[in-house]
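Got your viewer open? Here is a walk through one model, stop by stop, with something to select at each.

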Amino acid sequence: MTRRRAPSAAFRQSYNRDVGNPLESLERQLEALVERVVPRLLGSRLSTPVIAGQLARTMDAGVRWDERGKGVAPDQYALTLHPDDVETLLSQAPQLRDELARGLADAARANGYLLACEPEVTLAADPMLGRWDVRVVAWHRSHPLEFTKGMPNEARTEPGRVPAGAFLIVDGDKHFPLDRPVVNIGRRLDNQIILEDPHVSRTHAQLRVRDGRFVLFDLGSTAGTQVNGRRCQQHVLRPGDVITIAASDLVYGEDAGGPPDATPAYTPPFPPRPAGDQQTRVGRPPGSDDA
């Protein structure tokens with residue numbers, strides 16, 4: 001598809017005169033939001049103006065413009081902090097991500113931006129960051145210009161529909177077609193993918209379809225789950241993502257033709273027992289035994 005040019009500087013100036021300075025407006029709204037959702041206990045250590053400013057600038061920088069001059073804001077946001085800070089925020093403000101996502105949606109629409117889908121916020125850990133330093137990145141989950149053109153209903157992805165041709169390459173030499181809405185991974189025999197490794201928890205991770213995309217959830221495992229080298233609790237998968245669980249690598253792919261013929265189909269080391277649609281846990285419940 002031909003890539004449309006961003007609007008001219010004259011257009012942006014005219015737009016800003018009509019709606020005010022969108023960046024300043026965004027910063028004001030998002031600062032009020034962050035002050036509301038971040039625990040007061042952390043206020044002296046975590047700078048709410050810094051977070052709000054980064055969110056506003058990242059949203060503004062990521063806006064894509066269509067031929068009508070309509071701006072589409074990013075819908076995916078990642079806040080990266082030191083691992084200890086992520087744990088503190090998740091324990092003291094468990095609804096932080098959801099509230100930030102709702103606030104970002106409200107701020108985007110209040111400032112005249114469209115959204116291809118409701119925003120999602122992820123907290124990521126980076127041990128190289130200093131305590132209470134924050135880095136924000138944003139991107140578009142789907143192509144925003146296709147959204148503004150108005151796709152026909154039959155071309156839209158239905159919520160819960162398994163992405164066509166999705167698969168995993170397990171340890172580089174076997175493929176597992178993702179043809180069901182829930183896939184469980186772990187050491188226990190009722191998982192669809194069974195990993196024989198003492199460092200793998202019995203129910204370690206889960207792939208679940210949400211809004212037409214596979215989302216990876218860590219099920220409170222002891223050793224954790226990484227995507228592309230970063231430990232995460234939740235991640236919307238994209239082709240090429242590498243999931244690392246203990247010593248096993250699972251590469252996520254999507255191809256209309258299905259998994260590559262060069263790899264044989266994955267078969268578990270033991271016949272899997274029937275598994276129900278397990279509920280995703282957030283964190284390990286007290287007294288749980290993953291050994």
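Before selecting anything, one term: two strands count as paired here if DSSP finds at least two bridges between them. Strand 8 and strand 9 meet that with two bridges, and they run parallel. Keep in mind throughout that this is a predicted model.

**Stop 1: strand 8 and its partners**

Select residues 182–186, which make up strand 8. Is this strand buried or exposed? Five of its five residues are buried, so strand 8 is largely enclosed by the rest of the structure. In a regular strand the side chains alternate between the two faces of the sheet. Colour by direction to see it here: Val182, Asn184 and Gly186 point one way, while Val183 and Ile185 point the other way.

Now centre on Ile185. In strand 9 its bridge partner is Ile193, and in strand 10 the residue standing opposite Ile185 is Ala205. Strand 10 covers residues 205–210; four bridges join it to strand 8, and the two run antiparallel.

**Stop 2: the whole sheet**

Zoom out and add the other strands. What is the strand order in this open sheet? It reads 9-8-10-11-14, five strands with mixed pairing. Strand 9 (193–194) and strand 14 (234–236) stand at the edges with a single partner strand each, so one side of each has no neighbour in the sheet. Strands of a sheet pair through backbone hydrogen bonds, either parallel or antiparallel.

At the strand 14 edge, select residues 213–218, which form strand 11. Strands 11 and 14 pair in the antiparallel sense over three bridges. Put a label on Phe217, which stands opposite Gln234 in strand 14.

**Stop 3: two loops with a positive phi**

Most residues other than glycine have a negative phi, and most peptide bonds are trans. Pick Asp211 in the loop between strand 10 and strand 11: it is not a glycine, yet its phi is positive at about 55°. Asp211 is partly exposed, with 42% relative accessibility.

Then jump to Asn228, in the loop between strand 12 (226–227) and strand 13 (230–231). Asn228 also isn't a glycine, and its phi is positive, near 55°. Its relative accessibility of 45% makes Asn228 partly exposed.

**Stop 4: the largest nonpolar core**

Next, head for the largest nonpolar core. Which of its 35 residues touch the most other members? Leu55 and Leu79 do. At least two residues of this core come from each of helix 2 (22–37), helix 3 (48–61), strand 3 (76–81), helix 4 (83–92), helix 5 (96–110) and strand 4 (120–125). Helix 5 gives the largest share, seven residues.

Show the contacts of Leu55: leaving out residues up to four places away in sequence, it touches Leu30, Val34, Tyr77, Leu79, Leu104 and Val136. There is also a second, separate core of 24 residues, with Phe176, Ile194, Val200 and Cys232 among its members.

**Stop 5: a cavity**

Rolling a probe the size of a water molecule over the atoms shows where empty space is left. How many cavities of 30 Å³ or more turn up? The count is one, and the largest cavity holds about 70 Å³ of space. To frame it, select Val34, Val38, Leu46, Ile51, Leu79, Leu81, Leu89, Leu96, Leu100, Leu123 and Val134, which line it. By class, this lining has eleven nonpolar residues, no polar ones and no charged ones. Strand 3 and helix 5 each supply at least two of the lining residues.

**Stop 6: two single residues to finish**

Select Glu118, in the loop between helix 5 and strand 4. Glu118 is partly exposed, at 47% relative accessible area. Setting aside residues up to four places away in sequence, Glu118 touches Asp75, Ala105 and Arg109. Draw a distance from its C-alpha atom to that of Pro74: you should get 9.6 Å, for two residues 44 apart along the chain.

Last, go to Ser248 in strand 16 (residues 248–254). Is Ser248 buried or exposed? With a relative accessible area of 11%, Ser248 is buried. Its contacts, apart from neighbours within four places in sequence, are Asp171, Leu195 and Ile243.

Notes
Residues are numbered from 1 along each chain as its sequence is written. This is a predicted model: local features need pLDDT of at least 70, side-chain atom pairs count only at pLDDT 80 or more; totals for chains, interfaces and linings use all residues. Side-chain values use heavy atoms; hydrogens and water are left out. A nonpolar core is a set of buried Ala, Val, Leu, Ile, Met, Phe, Trp, Tyr and Cys residues joined through side-chain atoms within 4.5 Å. Buried means under 20% relative accessible area, exposed over 50%, partly exposed in between (1.4 Å probe, protein chains only). Contact means heavy atoms within 4.5 Å. On a 1 Å grid over the protein atoms alone, a cavity is a set of points where a 1.4 Å probe fits but cannot get out, and a pocket is an open set with protein on both sides within 12 Å along at least five of seven lines; lining residues have an atom within 4 Å of a point. Grid points are joined across faces, edges and corners, and a volume is the space filled by probe spheres set on the points. Ala, Val, Leu, Ile, Met, Phe, Trp, Tyr, Cys and Pro count as nonpolar, Asp, Glu, Lys and Arg as charged, and the others, Gly among them, as polar.
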